Every structure is written in C-alpha cells, then in structure tokens.
Amino acid sequence: MRAISETTQSLPEAELRYEEGLVDVFSELADLFGNPRSHGQIYGLLFTSLSPLSMEEITARLAISKGSVSQGLRALEELGAVQRIREDGNRTAQYSAKMELKTLIRGFMAQRLIPRLRFSNSKLEEIAQVLTNLSPEKAEEARWRHDRVAKWHTRAIQFLPIAEKLLGK
C-alpha cells in the first residue's frame, strides 16, 4: 500500500479507499508485466481521477519523486495509456488515463511484446547454429528442446495478426 500524502489525506474515507485500491491494483499489474510499480500507481491515480492532473498533482498525491512521475508519464504516453492535455494559455500539461483496454493492449504489444519476440527469434536462430557443434549424445535432446521453444515462438507470432485484428489495428 502506498504512502498517504497530505493532499490525499483530505479526501473523504470512501474516496481515499477507492483511489488507494485502484492505485494498488494497477501497481500490481505493472509489476506483473515487468514495469515499475510507480507506472501502475500513476496510471491508477489518473484512472480514478474525474479530471486531468498535472505532474505536480500526481507527485503530491502519490508521494513519489518528480523524476519517477516524469519517467512514468513518458513511458505511459509511449504505451498509449495516458494522454497529455495542454490547454490554451496554460504552460502546465495535464494528463488523463485512456480507458480503452484495446488501446492498452495495442501499446503493450507494440512497445514490449513485438520487440521481444523479434529478439527471441534472432536468439533462436543463433541457438540453432550452436546445436550443430554439440556432441551427438547431447544434440538430439537439445534439438528437441530448441524445436519445442521455436514452436511456441511461432505460435505466438502467428497469434499477433489475430490479436491485432481483434483489437482493431
């Protein structure tokens, strides 16, 4: 559970529990997918907020460093999870959460999944070359294991166009 900032303490109990609960949920999800918990906290706070928040408001509400908030907002923008809003005459940007699951999944696929599948594909090709140098007693089992992983990888790649179609690329 996150620290309660002075700004957050002024909220009614039910609002505070609602906000803290969703911030914790998104913090756990961020961690599950290998992202910093602060990214999940930021997204959770923006998700609960009825109006856009500035970086300073996010920093104060979550009681985390301005650097963490800045880095988190940048990463969330790249994923397509948040949008920056700049009103005329206002130099301070505000941020709001995009709430479409499709948008979040598309961003995750483009920024994380596809680059990692490409990386693993090149690694599998390298490993296939190494298999020819193994001793005969090890090569057969190693080839079987490699082929198994390669098959999983191929299935994941084959699923991508289906997922993109479902998500309305």
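## Reading sheets, salt bridges and surfaces

User: What does glutamate 77 count as, at 25% relative accessibility?

Analyst: Glutamate 77 counts as partly exposed, because that label covers values between the 20% limit for buried and the 50% limit for exposed. Please keep in mind that this is a predicted model.

User: Which residue forms a salt bridge with glutamate 77?

Analyst: Let's start with the general idea. Side chains of opposite charge can pair when their charged atoms come close. Here, the partner of glutamate 77 is arginine 84, with the closest N and O atoms 2.9 Å apart. Arginine 84 is partly exposed too, at 44% relative accessibility.

User: How many salt bridges are there?

Analyst: The count comes to seven. One of them joins the side chains of arginine 61 and glutamate 19, at 2.4 Å from N to O. This pair links distant parts of the chain: arginine 61 belongs to helix 4 (residues 55-62) and glutamate 19 to helix 2, 42 residues apart.

User: Why do arginine 61 and glutamate 19 count as buried?

Analyst: Arginine 61 has a relative accessibility of 15% and glutamate 19 has 3%. Buried means under 20%, so both get that label.

User: Where do glutamate 126 and lysine 123 lie?

Analyst: Both sit in helix 6 (residues 101-131), three residues apart, which is about one turn of the helix. Their side chains meet in a salt bridge of 3.3 Å, N to O. Elsewhere, Glu28, Asp31 and Arg37 are joined into one network by salt bridges that share partners.

User: Now the sheet, please! In what order do the three strands come?

Analyst: In general, strands of a sheet pair through backbone hydrogen bonds, either parallel or antiparallel. In this model the three strands form an open sheet in the order 1-3-2, with antiparallel pairing. Strand 1 (53-54) and strand 2 (82-85) are the edge strands, each pairing on one side only. Four bridges join strand 2 to strand 3 (residues 94-97), and isoleucine 85 stands opposite glutamine 94 in strand 3.

User: Which strands does helix 5 touch?

Analyst: Helix 5 (residues 66-79) packs on the sheet and touches strand 2 and strand 3, its direction making about 110° with that of strand 2. Helix 3 (residues 37-48) lies across strand 1, strand 2 and strand 3, at about 85° to strand 3.

User: Finally, which residues form a nonpolar patch on the surface?

Analyst: The patch consists of Val25, Leu29, Leu32 and Phe33, with about 380 Å² of accessible area together. Valine 25 is in helix 2 (residues 13-32) and is partly exposed, with a relative accessible area of 43%.

Technical notes: Residues are numbered from 1 along each chain as its sequence is written. This is a predicted model: local features need pLDDT of at least 70, side-chain atom pairs count only at pLDDT 80 or more; totals for chains, interfaces and linings use all residues. Side-chain values use heavy atoms; hydrogens and water are left out. Two strands pair if DSSP finds at least two bridges between them. Helices (H or I, at least four residues) and strands (E, at least two) are DSSP runs, numbered from the N terminus. Contact means heavy atoms within 4.5 Å. Axes are lines fitted to C-alpha atoms, for helices over the stretch in contact, and angles run from 0 to 180 degrees between N-to-C directions. Patches are made of residues with over 30% relative accessible area and no salt bridge: like charges are joined within 9 Å, nonpolar side chains (Val, Leu, Ile, Met, Phe, Trp, Tyr) within 5 Å. Accessible areas come from the Shrake-Rupley method with a 1.4 Å probe; for residues, only the protein chains shown count as cover. A salt bridge is a side-chain nitrogen of Lys or Arg within 4 Å of a carboxyl oxygen of Asp or Glu. Buried means under 20% relative accessible area, exposed over 50%, partly exposed in between (1.4 Å probe, protein chains only).
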